[in-house]
Amino acid sequence: MNRIKKLITPLILIVSLVGIIAWQLVFKSMNFYIICASMLVLSMLPFFISFERRKTSAAEISLIATLIALAVASRAAFYLIPQVKPIAAVVIVSAVCLGAERGYIIGAFSAFISNFIFGQGYWTPFQMAALGAVGLIAGLLFSSERLKKAGMKFRIAVSVSGFVLAFAVYGLIVDVSTILFVQGNNPTLSGILSVYAAGVPFSLIFGISTAVFLFIFGEPFIRKINRVIIKFGMK
């Protein structure tokens, strides 16, 4: 029951995002940038709502802030290599250790803050929602407790899931921004398919690099985060 309650806010967010996009398609006079601003506000709601609902220790806030900073730094470190970014891998291991709700928060804020380096724009709220969704799904799929029994199987499963999340989930959501920006209020099936087809190579590189980073560094990183969690009694 508690797990279902934790998912209510992210689910409301996802439904709201779908509703906003549908509104744009139906009411053709609505400004595209209003949609982006609305999505940006909605993407931040889970953080504020979860913060108000429960008691959050200083140690937990510090850990979340550190993981967000690490995700931002990991993206900045590979600035010159297009799409080869460990940011999704950092979000995924964070979600594995801290759960789906905090995984969403870390993903959304990592995208927002890192874009002060890479450039803010109409794509920012979509990247926030996409990385947040990656963290949310990873937190639902995996628990770091399984490390004690799974070993190499766990590492492979996380890596494969990381590829799918980075390639399909992230790519699917982010490409919506391109569709709306390029085609506006009159999208066509051929236009949508062409945008997704053009984005496949970029999403594929991002997915493969995420899987590689998770396979090499994922399990050690998870163990280190767990040591901090246990030390400060966050579970």
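This is a short talk on the helices, salt bridges and nonpolar surface of one predicted model.

Hi everyone, thanks for coming. Please keep in mind throughout that we are looking at a predicted model.

Let's start with the overall layout. The chain has nine helices and zero strands. If you read along the sequence, the pattern is α-α-α-α-α-α-α-α-α. There are 235 residues in the chain, and 47% of them are buried.

Now, how do some of these helices sit against each other? I'll take two pairs. The first is H3, residues 58-77, with H9: their axes come within 12 Å and cross at roughly 155°. An angle over 145 degrees counts as roughly antiparallel, so that is the label for H3 and H9. As for handedness, H3 passes H9 in a right-handed crossing.

The second pair is H6, residues 124-141, with H8. Here the axes come within 9 Å, and the crossing angle is roughly 155°. H6 and H8 are therefore roughly antiparallel to each other too. The crossing of H6 past H8 is right-handed.

On to the charged side chains. How many salt bridges does the count come to? The count is three.

Let me begin with Glu 60 and Arg 102. Their closest N and O atoms are 2.8 Å apart, and the two form a salt bridge. Glu 60 lies in helix H3 and Arg 102 in helix H5, residues 100-118, so this pair ties together parts that are 42 residues apart in sequence. Are these two residues buried or exposed? Glu 60 is buried, and Arg 102 is buried as well.

Next, please find Glu 219. The side chain of Glu 219 meets that of Arg 155 in a salt bridge, at 3.3 Å from N to O. This one links distant parts of the chain, because Glu 219 is in helix H9 and Arg 155 is in helix H8, with their positions 64 residues apart. Glu 219 has 11% relative accessibility, so it counts as buried, the cut-off for that being under 20%.

Glu 219 also has a salt bridge with Arg 223, at 2.7 Å from N to O. Arg 223 and Glu 219 both lie in helix H9, four residues apart, which is about one turn of the helix. Arg 223 is partly exposed, with a relative accessible area of 42%. Since these salt bridges share partners, Arg 155, Glu 219 and Arg 223 are joined into one network.

Let's turn to the surface. Which residues make the nonpolar patch of about 940 Å²? They are Met 152, Ile 156, Val 160, Val 164, Val 200, Leu 204, Ile 208, Val 212, Phe 215, Ile 216 and Phe 217. Two helices, H8 (152-183) and H9 (189-231), each supply at least two residues of the patch. Which helix gives the most? That is H9, with seven residues.

If you want one residue to click on, try Leu 204, which is found in helix H9. Leu 204 has a relative accessible area of 35%, so it is partly exposed. A patch residue needs over 30% relative accessible area, and the 35% of Leu 204 is the value to hold against that cut-off.

For a buried leucine, go to Leu 98 in helix H4, which covers residues 87-98. With 7% relative accessibility, Leu 98 counts as buried. Where is Leu 63 relative to Leu 98? The two are 35 residues apart in sequence, and their C-alpha atoms are 9.8 Å apart in space.

So, to recap before we open the structure together. We have a predicted model with nine helices and zero strands. There is a salt bridge between Glu 60 and Arg 102, and a network made of Arg 155, Glu 219 and Arg 223. On the surface there is a nonpolar patch of about 940 Å², with H9 giving the most to it. Thanks for listening, and I'm happy to go back to any of these residues.

Terms used: Residues are numbered from 1 along each chain as its sequence is written. This is a predicted model: local features need pLDDT of at least 70, side-chain atom pairs count only at pLDDT 80 or more; totals for chains, interfaces and linings use all residues. Side-chain values use heavy atoms; hydrogens and water are left out. Patches are made of residues with over 30% relative accessible area and no salt bridge: like charges are joined within 9 Å, nonpolar side chains (Val, Leu, Ile, Met, Phe, Trp, Tyr) within 5 Å. Accessible areas come from the Shrake-Rupley method with a 1.4 Å probe; for residues, only the protein chains shown count as cover. A salt bridge is a side-chain nitrogen of Lys or Arg within 4 Å of a carboxyl oxygen of Asp or Glu. Buried means under 20% relative accessible area, exposed over 50%, partly exposed in between (1.4 Å probe, protein chains only). Axes are lines fitted to C-alpha atoms, for helices over the stretch in contact, and angles run from 0 to 180 degrees between N-to-C directions. Angles under 35 degrees count as roughly parallel, over 145 as roughly antiparallel, 65 to 115 as roughly perpendicular and the rest as oblique. A crossing is left-handed if the near helix is turned anticlockwise from the far one by less than a right angle, and right-handed if clockwise.
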